[in-house]
Amino acid sequence: MKLISIVVATSLALAYPSFAADPISAKSESAVHADIEWRKDNDVDAAFAFAKANNKPLFLYWGAVWCPPCNQVKATIFNRADFIDKSRHFVPVYLDGDSPGAQKLAARFKVRGYPTMILFKPDGSEITRLPGEVDAERYVQVLTRAMSASLSVSDTLKLALAGSKKLNVEDWSLLADYSWDDPEQKLISSKDLASSLLRLSDACPDKASATRLYLKALVLSASVKPVESAPAIDKPQALAKVIKALSESRVARENIDLFTAAPGEVIVFLTAVNTEPRRKLSQTWNLALIKLADDTSLSKTDRLGAISGQIVIATLASARPELSLQKSVEKRVNQIERATTDSYERQSVVNAAAHALADADLLDASDVLLKAELSRSHSPYYFMSSLGANAKKRGDNSTALNWYEQAYNAAKGPATRLQWGVSYVNGIIELSPMDEARIEKTAQQVLAEVATTENAFFERNRTAMERMSKKIVEWSKDGKHQATLQKLRNQLDGICSKLPANDSQRTSCMSLMQKS
C-alpha cells in the first residue's frame, strides 16, 4: 500500500493540529481482550461442549477487523469491567470472518452482518441476538437479563403473540431489545416484521418496551419499498407518539439508535411536504438530535450519528445544507474526532465523521480526514473505499476507481479480500463499463483468489460472489462482452469442478454467471 507522502501528511497536520499532536492508542487484539478468555473458531465445538458440561451459557461474537461497528463494540463494550466480569459466567467465543472455517461456521449459526452477537443456552439453543447498536450500558443490561432469562426470545415471542399474561417486564424488555434488524434472524419473516412489532407494542404492558417496539415498527414501515406495501399505521397517532418520545430526553436517549437510523424516511412517511405537521416534526426531531449530539455520556459514534441525522432533516427542506449548518457540522465533527485516541474507537468514529462531512457536502474536509487516517488505521483499505465513494459523489469516476483499486490491493484476509475485490469489479462495471480489459483482468484475479479460498461459497463469501455474478451477467446482456463472460465462466467451471459432488458449495458455485 502506498502511504501518504510526507508533504501531504505535513499539510494535514497543519490543517488539523490534532493529527500531529494526539497519540493514538494502538493495541493488538490479544492485548485489548486479555481479560476475556475467548475461544476461537478452531475451538467452537469444544466451546459448546464445555458450556454444556459446565452448565454455562455461550456468547458468540461474529465480526471483522475492519468493521467500524465491530471496533465500536471492542472500544466501548468488551473493555468494560462489568462486561469482563459477566464473561466469567459464560463461555465467550470470538469468530473472525477471515479466520479459517469462519464462513462455514457463519452459515451454521446463521450470522452474516458484522457484528452479530448471540447468547446461547448451555444446551446450544439460541436465547437472543444482542443489539450491537445500543449504548454500552444498555447492552450490558440486556446481556444480564438474557443470562438470567428462563425463556428464549423465540419462546417469549410465541407467548406474547398468543396474548399470554405470564410475561414479566424483563421478558418484554428482551423482545424490545432483540436484534430485529438482523437479516438472518428467523423469528419473524421480513414481510411480517413491522406488523408483528406493532402487535407486540400494543400488547406490551411496559411503557418503555412498548415505545421501543413501536418505534422499531415505524422505522421498518417507513423504509419499506414500495411504501404502499407498508403495514397500515394510524399516521396522526404515530406523529403524536414520535413527537412525545422525542420531547422526552430520557426516551430519546434510550432510543438514539432508532432516532438516528432513518429520520428522513420516517418524517416523509408520516407527513406531507410543506405542511405544519412536517415543520413541527422536523423541528422537534432536530432539537432532540442537537441535545443528543452534545450528550458526552453517549459514545462519540452515537453523537456523530445524531449530527448526521440533523443533516438529513435539513436536506428535506433544501437540496444543499446551509452554510451555517455546514460550519456547525465541521466544528462539532472535528471536536469529536480530535478527542478520540483509542485505535479501535477511531475506526468507528472516523468512519462516522467522514460520512457526516460528506453528507453535509463537505467532501474536501471528509477527504482530509480520511487521508490522514490511512497511516493510522489498522485497516486503511476501509477508508480508501470511502475516499472512492467521495470521488464518485463528485463525478470523478477515474479517481474513484483508483481508490477502489488501492483498497482491494491493500485488503487483508480471504473473506475481506473477496468482498473488496467484488466491490472493485462492480465499481468498474458501473463507472467504466467500456473498460473491458480492466473488468476481465480484475474479475479473473478475484476468481483466482476464490480458487484457493477455503469455504469460498459459504455465507458472506457466497453473497459477494452472487453480487459480482449478477453484475457481470447484466453487463454482458444483449450479446455484449460475450468473450469475456465465457472466459470467466470457464475459469469458474474449473473452480466448481474441484469441489466434492456432495458439497453444497458446488451447487452455489455452478449457479453463478448464468443467465437469469
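Two strands pair if DSSP finds at least two bridges between them. In this predicted model, six bridges join strand S1 (residues 58-63) to strand S2, and the two strands run parallel. The points below cover the sheet, the buried elements, and the packing of helix H23 against helices H24 and H25.

**The sheet**

- Four strands make up an open sheet with mixed pairing, in the order S2-S1-S3-S4.
- S2 and strand S4 (126-130) are the edge strands, each pairing on one side only.
- From one strand to the next, the twist averages 20°.
- Between S1 and S2, Phe 59 has Pro 92 of S2 as its bridge partner, and Gly 63 stands opposite Asp 96 in S2.
- Helix H4 (residues 44-53) lies across S1, S2 and strand S3 (116-120), and runs at about 165° to S2.

**Strand S2**

- Six of the six residues of S2 (residues 91-96) are buried, so the strand is largely enclosed by the rest of the structure.
- In a regular strand the side chains alternate between the two faces of the sheet.
- In S2, Val 91, Val 93 and Leu 95 point one way, while Pro 92, Tyr 94 and Asp 96 point the other way; all are buried.
- Two residues of the second set, Pro 92 and Asp 96, are also those placed across from Phe 59 and Gly 63.

**Buried helices H5 and H16**

- Helix H5 (residues 68-76) is mostly covered, with eight of its nine residues buried.
- Those buried residues are Pro 68, Cys 70, Asn 71, Gln 72, Val 73, Lys 74, Ala 75 and Thr 76.
- In helix H16 (residues 263-270), six of the eight residues are buried, so this helix is largely enclosed by the rest of the structure.
- The buried residues of H16 are Pro 263, Gly 264, Val 266, Ile 267, Phe 269 and Leu 270.
- Five helices pack against the buried residues of H16: H12 (207-223), H13 (235-247), H15 (256-259), H17 (276-293) and H18 (300-317).

**H23 against H24**

- The axes of H23 and helix H24 (residues 414-431) come within 9 Å and cross at roughly 165°.
- Angles over 145 degrees count as roughly antiparallel, and H23 and H24 are therefore roughly antiparallel to each other.
- H23 passes H24 in a left-handed crossing.
- From H23, the contact is made by Asn 397, Ala 400, Leu 401, Tyr 404, Glu 405, Ala 407, Tyr 408 and Asn 409.
- From H24, the contact residues are Arg 417, Trp 420, Gly 421, Tyr 424, Gly 427, Ile 428 and Leu 431.
- The residues of the contact between H23 and H24 comprise nine nonpolar, four polar and two charged.

**H23 against H25**

- Helix H23 (residues 397-410) and helix H25 (residues 436-450) pack at an angle of about 20°, and their axes are 13 Å apart.
- Angles under 35 degrees count as roughly parallel, and H23 and H25 are therefore roughly parallel to each other.
- The crossing in which H23 passes H25 is left-handed.
- Leu 401, Asn 402, Glu 405 and Tyr 408 in H23 meet Arg 438, Thr 442, Gln 445, Val 446 and Glu 449 in H25.
- The residues of the contact of H23 with H25 divide into three nonpolar, three polar and three charged.
- Leu 401, Glu 405 and Tyr 408 of H23 take part in the contact with H25 and also in the contact with H24.

How values were computed. Residues are numbered from 1 along each chain as its sequence is written. This is a predicted model: local features need pLDDT of at least 70, side-chain atom pairs count only at pLDDT 80 or more; totals for chains, interfaces and linings use all residues. Side-chain values use heavy atoms; hydrogens and water are left out. Axes are lines fitted to C-alpha atoms, for helices over the stretch in contact, and angles run from 0 to 180 degrees between N-to-C directions. Angles under 35 degrees count as roughly parallel, over 145 as roughly antiparallel, 65 to 115 as roughly perpendicular and the rest as oblique. A crossing is left-handed if the near helix is turned anticlockwise from the far one by less than a right angle, and right-handed if clockwise. Contact means heavy atoms within 4.5 Å. Ala, Val, Leu, Ile, Met, Phe, Trp, Tyr, Cys and Pro count as nonpolar, Asp, Glu, Lys and Arg as charged, and the others, Gly among them, as polar. Buried means under 20% relative accessible area, exposed over 50%, partly exposed in between (1.4 Å probe, protein chains only).
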